[in-house]
Amino acid sequence: MASLLDNTSELKTFVLVEGHGVKGLSELKIKTLPELFIQPVEKRLDMSKVVPYESIPIIDMSNSDDPKVRDAICDAAEKWGFFQIVNHGVPLSIIEDVKDATHSFFALPAEEKKKYLFKNSPTKNIRFVTSFIPEVDKVLEWKDYLSCFYVSDDESMAFWPSVCRDQILEYLKNSESLIKELLEVLMQRLGIPKLDETNQGILMGSRRINLNYYPVCPNPELTVGVGGHSDVSTLTVLLQDETGGLYVRKLDSDNWVHVPPLKGSLTINIGDALQILSNGRYKSIEHHVVANGTTNRISVPIFVNPRPSDVIGPLPQVINRGEKALYKQVKYSDYVKHFYRKSHNGKDTIDFAMV
Ligand SMILES: CC(C)(COP(=O)(O)OP(=O)(O)OC[C@H]1O[C@@H](n2cnc3c(N)ncnc32)[C@H](O)[C@@H]1OP(=O)(O)O)[C@@H](O)C(=O)NCCC(=O)NCCSC(=O)/C=C/c1ccc(O)c(O)c1
Ligand SMILES: O=C(O)CCC(=O)C(=O)O
Ligand SMILES: [Fe+2]
C-alpha cells in the first residue's frame with residue numbers, strides 16, 4: 001500500500017483505470033490524503049466565510065397556483081439562484097429508491113464499475129468518473145460519479161447499469177411535471193405565459209442525471225468534494241442525503257451559506273443556460289461541496305438542459321422589453337464542451353457567452 005500511495009502513476013491507475021475510484025482508496029482506510037488530492041488553499045472552501053445565520057429560501061409547493069408561492073419561486077431564483085422545495089409532488093418512495101440505487105451502483109466491485117469508464121463504456125452517454133475531468137484536473141477532487149445522459153428508454157434499458165437504471169428512469173419520469181411547473185412559473189415573470197413546444201425544447205429538451213459519491217476522506221480540510229462551479233443547466237433538481245456539505249455563494253458576496261439536508265426536500269438551482277436565457281435576471285450561483293471525514297455522502301442532481309443543438313441567448317420576450325443583451329447566441333453543445341474542457345473555476349464558464 002505504501003508504494004501505491006507514494007507513486008502518483010500507480011495511484012492514478014488504481015483510482016482512474018482499475019475502477020476503484022476514490023471510494024476504493026477510502027476503503028483502504030488510508031490515514032493521510034495523497035498529494036494528488038491536496039488542493040491549493042484558494043480552491044478549498046474558507047470556512048470563516050460561511051455565514052451560519054443565513055439560509056436559502058424553503059418553499060412549500062403544495063399550493064403552487066397561489067401567486068405568493070409563484071412569487072417566492074421567482075424571487076428566490078433572482079436573489080439566491082438556489083432554493084429548497086417541500087411538498088413538491090415527487091413521491092418520497094421514488095426518492096428513497098434512487099438513493100438506494102446509488103448505493104447499489106457504488107457497492108459494485110471495481111471490475112463492474114470499470115465497464116462504465118469512458119474508454120470502456122458501451123455508449124458515450126454514460127460514464128463513470130472520478131474527480132470532475134481527471135484528464136484535465138491537475139489536482140483531483142474527492143468524488144466518484146456516474147453520469148447518464150438520457151436519450152431514450154430503450155437506450156437506457158440496453159446500456160445503463162441494471163442495478164440502478166429502473167430507479168433512475170422512474171425518478172426522471174416522476175420529476176417531469178415538477179420541472180415543467182417550475183419553468184412555467186419562472187417564464188411567466190419573463191412575460192411568457194405558457195410553455196409551447198419551441199420554448200419547452202429549449203428549456204427542458206435534454207436531461208443529464210449524475211449519481212455522486214463522496215467517500216469518507218482522511219484529511220477533508222485539504223481537498224474538496226466538488227470545487228466551486230456553477231451548473232451549465234437550465235435548472236438543476238438536486239437530491240442529497242442526510243449528511244450535508246453543500247455550500248452556495250451568497251449573491252454578489254464573498255460569503256457562503258450551507259444547504260442543510262431537509263428530509264423529503266429537493267434543492268433547485270438555476271444554471272448558466274437560464275441565466276443566459278433570462279438575460280441575467282435569474283442567477284446561476286457558484287456552489288461547492290466539502291469532503292467529509294466521517295461519513296460517506298451521496299447526491300443525485302438532475303440537470304435539465306436545452307437540447308445540444310439548440311442555440312441559446314437572451315429570450316426575445318426579455319430583449320423586446322428594451323433590455324440590452326448581456327449574452328450572445330451560443331450553440332448549447334459548444335457551451336457544454338467549453339465547460340467540460342477545463343477544471344472547476346467558479347463562475348468562469350459563462351464568460352464564453354458574454355457579449
Ligand atoms: C456533453 C455533450 C457536449 C457531448 O457532446 P457529443 O457530441 O455527444 O460529444 P461526445 O463525442 O459524446 O463526447 C465528447 C465530449 O464529452 C464531453 N465530456 C467530457 N467529460 C464529460 C463528463 N464527465 N460527462 C459528460 N460529458 C463529458 C466533452 O464536452 C467532450 O467534448 P470534446 O472533448 O470531444 O470536445 C452533449 O451531450 C451536450 O451538449 N449535452 C447537453 C446536455 C448536458 O450534458 N448538459 C450538461 C449539464 S451538466 C451540469 O450542469 C453540471 C455538471 C457537473 C457539475 C459539477 C461536477 O463536478 C460534475 O461532475 C458535473
Ligand atoms: O453534491 C451536491 O450537493 C452538489 C453536486 C453538484 O454541485 C453537481 O454535481 O453539480
Ligand atoms: Fe453543481
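**Reading the surroundings of two ligands**

Trainee: In this predicted model, the side chain of His 287 has an N or O atom 3.0 Å from an oxygen atom of ligand 2. What does a pair of this kind count as?

Mentor: A pair of N or O atoms within 3.5 Å counts as a polar contact. The His 287 pair, at 3.0 Å, therefore qualifies.

Trainee: Which other side chains have an N or O atom paired with an oxygen atom of ligand 2?

Mentor: The side chain of His 229 provides such an atom at 3.1 Å, and that of Asn 212 does so at 3.2 Å. As for cover, ligand 2 on its own has 300 Å² of accessible area, and the protein covers 96% of it.

Trainee: Which residues form the shell around ligand 2?

Mentor: Besides Asn 212, His 229 and His 287, the surrounding residues include Tyr 214, Asp 231, Leu 238, Leu 246, Val 289, Arg 297, Ser 299, Pro 301 and Phe 303. By class, six residues of this shell are nonpolar, four are polar and two are charged.

Trainee: Which elements supply at least two residues each to that shell?

Mentor: They are strand 5 (206-214), strand 11 (287-289) and strand 12 (297-305). Strand 12 gives the largest share, with four residues.

Trainee: How many residues surround ligand 1, and which are the closest?

Mentor: There are 26 residues around ligand 1, and the closest are Lys 124, Tyr 145, Arg 208, Val 232 and His 344. Their shell comprises 12 nonpolar, seven polar and seven charged residues.

Trainee: Where on the protein are the polar partners of the oxygen atoms of ligand 1: in the backbone or in side chains?

Mentor: Both occur. A polar backbone atom of Val 232 is 2.9 Å from an oxygen atom of ligand 1, and one of Ser 233 is at 3.4 Å. In the case of Arg 341, an N or O atom of the side chain is 3.0 Å from an oxygen atom of the ligand. The protein covers 83% of the 1100 Å² of accessible area that ligand 1 has on its own. Two or more residues of its shell come from each of strand 4 (144-149), strand 5, strand 6 (226-229), strand 12 and helix 12 (332-339). Helix 12 gives the most, with five residues.

Trainee: What is the volume of the second largest pocket, and which residues lie nearest its centre?

Mentor: Its volume is about 460 Å³. Of the 25 residues that line this pocket, Glu 42, Lys 43, Arg 44, Gly 228 and His 288 lie nearest the centre. The lining divides into six nonpolar, eight polar and 11 charged residues.

Note on methods
Residues are numbered from 1 along each chain as its sequence is written. Chains are lettered from A and ligands numbered from 1 in the order in which they are written. This is a predicted model: local features need pLDDT of at least 70, side-chain atom pairs count only at pLDDT 80 or more; totals for chains, interfaces and linings use all residues. Side-chain values use heavy atoms; hydrogens and water are left out. A residue is near a molecule or strand if one of its heavy atoms lies within 4 Å of it. A polar contact is a pair of N or O atoms within 3.5 Å; within protein, one must be able to donate a hydrogen and the other to accept it, and residues adjacent in sequence count only if both atoms are side-chain atoms. Accessible areas come from the Shrake-Rupley method with a 1.4 Å probe; for residues, only the protein chains shown count as cover. Ala, Val, Leu, Ile, Met, Phe, Trp, Tyr, Cys and Pro count as nonpolar, Asp, Glu, Lys and Arg as charged, and the others, Gly among them, as polar. On a 1 Å grid over the protein atoms alone, a cavity is a set of points where a 1.4 Å probe fits but cannot get out, and a pocket is an open set with protein on both sides within 12 Å along at least five of seven lines; lining residues have an atom within 4 Å of a point. Grid points are joined across faces, edges and corners, and a volume is the space filled by probe spheres set on the points.
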